[in-house]
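Trainee: Got a minute to go through this one with me? I'd like to start with the sheet and then look at the helices.
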Amino acid sequence: MTFPVIYLLHGKGGSPSGSVLQLEHELRPMLPAVEFLRPLLPHSNSQLPAEDSVEILRKMNPPHGSLMIGISLGGLVAAKLQEDGRDDLAVISISSPTWADGVALQLRPSHRTAFYSSRDDVIADRVADWPRLADAYDLPWLTHDTDLHKLRLARLIAARATGRDLDRVVQDFKSC
């Protein structure tokens with residue numbers, strides 16, 4: 001797979017210079033020919049609804065076939081954009097709920113992957129539907145503090161982005 005652009009989307013109350021920047025630093029050596037974008041989304045203000053971020057992403061009009069990687073609420077809004085008519089996009093949701101702030105996922109488009117932990121106390125009550133909505137990976141070691149797992153996450157993302165066997169990479173982490 002080749003993606004013209006990879007968008008890295010921050011979580012609620014976050015910013016483009018937080019966890020998504022750390023993730024970009026890990027991904028750059030693994031995906032050197034890719035352009036990375038880290039937009040500031042309205043949900044950086046935790047008082048603004050997630051729907052505002054979905055609308056801003058829609059107005060950005062990402063290039064056809066882009067990859068959107070979102071952490072927490074960033075993953076949810078990317079997945080919502082995808083199911084609201086942008087099924088050309090690939091989405092990877094990391095530690096994301098399947099519903100929050102008036103946004104809820106309902107469909108399973110192709111090219112959607114979710115990495116989460118059902119043990120994550122921030123989202124545990126909102127992840128049960130991931131297996132119905134995406135290629136879902138419940139990773140017991142993943143916590144909501146994704147900075148602690150940025151290298152592992154980057155390896156999983158790079159595997160997905162390059163078409164490698166993601167199940168094998170996940171198995172490798174289980175044996176560690």
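Mentor: Sure, and one term before we start: two strands pair if DSSP finds at least two bridges between them. Keep in mind that this is a predicted model.

Trainee: OK, so which residue stands opposite Asp138 in S8?
Mentor: That's Tyr116. Strand S7, residues 112-116, pairs with S8 over four bridges, in the parallel sense.

Trainee: And what's the strand order in the whole sheet?
Mentor: The order is S2-S1-S3-S4-S7-S8, six strands in an open sheet with parallel pairing. At the edges sit strand S2 (35-37) and strand S8 (135-138), each of which pairs on one side only.

Trainee: How much twist is there from one strand to the next?
Mentor: The average is 15°.

Trainee: Switching to helices: which strands does H5 lie across?
Mentor: Helix H5, residues 150-162, lies across strand S3 (67-71), strand S4 (90-94), S7 and S8. Relative to S4, H5 runs at about 165°.

Trainee: What about H1 and H5, at what angle do they cross?
Mentor: Roughly 60°, with the axes of H1 (residues 19-27) and H5 coming within 9 Å. H1 is therefore oblique to H5.

Trainee: Is that crossing left-handed or right-handed?
Mentor: Right-handed.

Trainee: Which residues meet there?
Mentor: From H1 you have Gln22, Leu23, Glu26 and Leu27. On the H5 side they meet Lys150, Leu151, Leu153, Ala154, Ile157 and Ala158.

Trainee: And how does that contact split by class?
Mentor: Between H1 and H5 there are seven nonpolar residues, one polar and two charged.

Notes. Residues are numbered from 1 along each chain as its sequence is written. This is a predicted model: local features need pLDDT of at least 70, side-chain atom pairs count only at pLDDT 80 or more; totals for chains, interfaces and linings use all residues. Side-chain values use heavy atoms; hydrogens and water are left out. Helices (H or I, at least four residues) and strands (E, at least two) are DSSP runs, numbered from the N terminus. Axes are lines fitted to C-alpha atoms, for helices over the stretch in contact, and angles run from 0 to 180 degrees between N-to-C directions. Contact means heavy atoms within 4.5 Å. Angles under 35 degrees count as roughly parallel, over 145 as roughly antiparallel, 65 to 115 as roughly perpendicular and the rest as oblique. A crossing is left-handed if the near helix is turned anticlockwise from the far one by less than a right angle, and right-handed if clockwise. Ala, Val, Leu, Ile, Met, Phe, Trp, Tyr, Cys and Pro count as nonpolar, Asp, Glu, Lys and Arg as charged, and the others, Gly among them, as polar.
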